[in-house]
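Work through the exercises below with the sequence and the coordinates at hand. Each task is followed by a stepwise solution.

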Amino acid sequence: MKKKLRIAGLLLGAAMLVWLPFEDTSTAWIVLFAGATSALLAVRVSLPGSRLLPFTGLAHFLIGLVAGAGVTPIALLLMAFKSGIHGHGSPDFTPEQVMQVLNDTPLFALAGGLAGLGIGLYRFLNRSQ
C-alpha cells in the first residue's frame with residue numbers, strides 16, 4: 001500500500017508541475033490539488049500499522065475532519081506559491097477568491113469528516129468477513 005501511495009504522490013506532484021505554468025486564476029484546480037494532497041496524507045496516517053490512533057469510527061472521522069480542514073492552508077500555500085512563481089505585478093488570485101477558500105473551510109472539514117466516517121464504517125463492516 002505504501003508503494004501505491006508513493007506513486008499517487010508522484011503523479012499528484014507531476015500534475016501540479018504541469019498545472020503551474022498555466023495562467024489559470026480559477027480556484028477549482030487549487031482546491032482539487034489541495035484536497036488530493038490532504039487525502040493522501042490522511043490515507044497515510046490511517047494505514048494499518050500506523051499507531052497514531054486506535055482504528056474506530058471516531059478515529060476515522062477525526063482524521064477526515066482534520067484532513068478536510070487541512071485543505072484550506074494547503075490551498076492558500078498553493079495560491080501564494082503560484083502567484084510568486086509567475087511574478088506578475090498583481091497576484092493571480094483576488095482577495096475575494098482567498099476569502100472564498102477561507103469561508104469554505106467548514107464545508108471542507110465536514111466533507112472530510114463524513115468521508116472519514118464512511119471509510120471507518122466500511123472498514124468496520126468488512127472486518128468481520
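Leu117 has its place in helix α6, where helices (H or I, at least four residues) and strands (E, at least two) are DSSP runs numbered from the N terminus. The model is predicted: local features need pLDDT of at least 70, side-chain atom pairs count only at pLDDT 80 or more, and totals for chains, interfaces and linings use all residues. Residues are numbered from 1 along each chain as its sequence is written, and side-chain values use heavy atoms, with hydrogens and water left out.

**Exercise 1.** Classify Leu117 as buried, partly exposed or exposed, and find the nonpolar surface patch that Leu117 helps to make.

Step 1. Take the classes: buried is under 20% relative accessible area, exposed is over 50%, and partly exposed lies in between (1.4 Å probe, protein chains only).
Step 2. Leu117 counts as partly exposed because its relative accessibility is 35%.
Step 3. Patch residues have over 30% relative accessible area and no salt bridge; nonpolar side chains (Val, Leu, Ile, Met, Phe, Trp, Tyr) are joined within 5 Å, and like charges within 9 Å. A salt bridge is a side-chain nitrogen of Lys or Arg within 4 Å of a carboxyl oxygen of Asp or Glu.
Step 4. Leu110, Leu114 and Leu117 make a nonpolar patch of about 260 Å², with areas from the Shrake-Rupley method and a 1.4 Å probe.

**Exercise 2.** Determine whether Gly113 is buried or exposed, and give its C-alpha distance to Val66.

Step 1. Gly113 lies in helix α6.
Step 2. With a relative accessible area of 0%, Gly113 is therefore buried.
Step 3. Val66 is 47 residues from Gly113 in sequence, while their C-alpha atoms are 7.6 Å apart.

**Exercise 3.** Describe the largest pocket by its volume and its lining.

Step 1. A pocket is an open set of points on a 1 Å grid over the protein atoms alone, where a 1.4 Å probe fits, with protein on both sides within 12 Å along at least five of seven lines; lining residues have an atom within 4 Å of a point.
Step 2. The largest pocket holds about 310 Å³ of space, a volume being the space filled by probe spheres set on the points.
Step 3. Its lining has 19 residues, with Ala39, Ala42, Gly64, Ala67 and Gly112 nearest the centre.
Step 4. At least two lining residues come from each of α2 (28-45), α3 (57-69) and α6 (105-127); α6 gives the most, seven.
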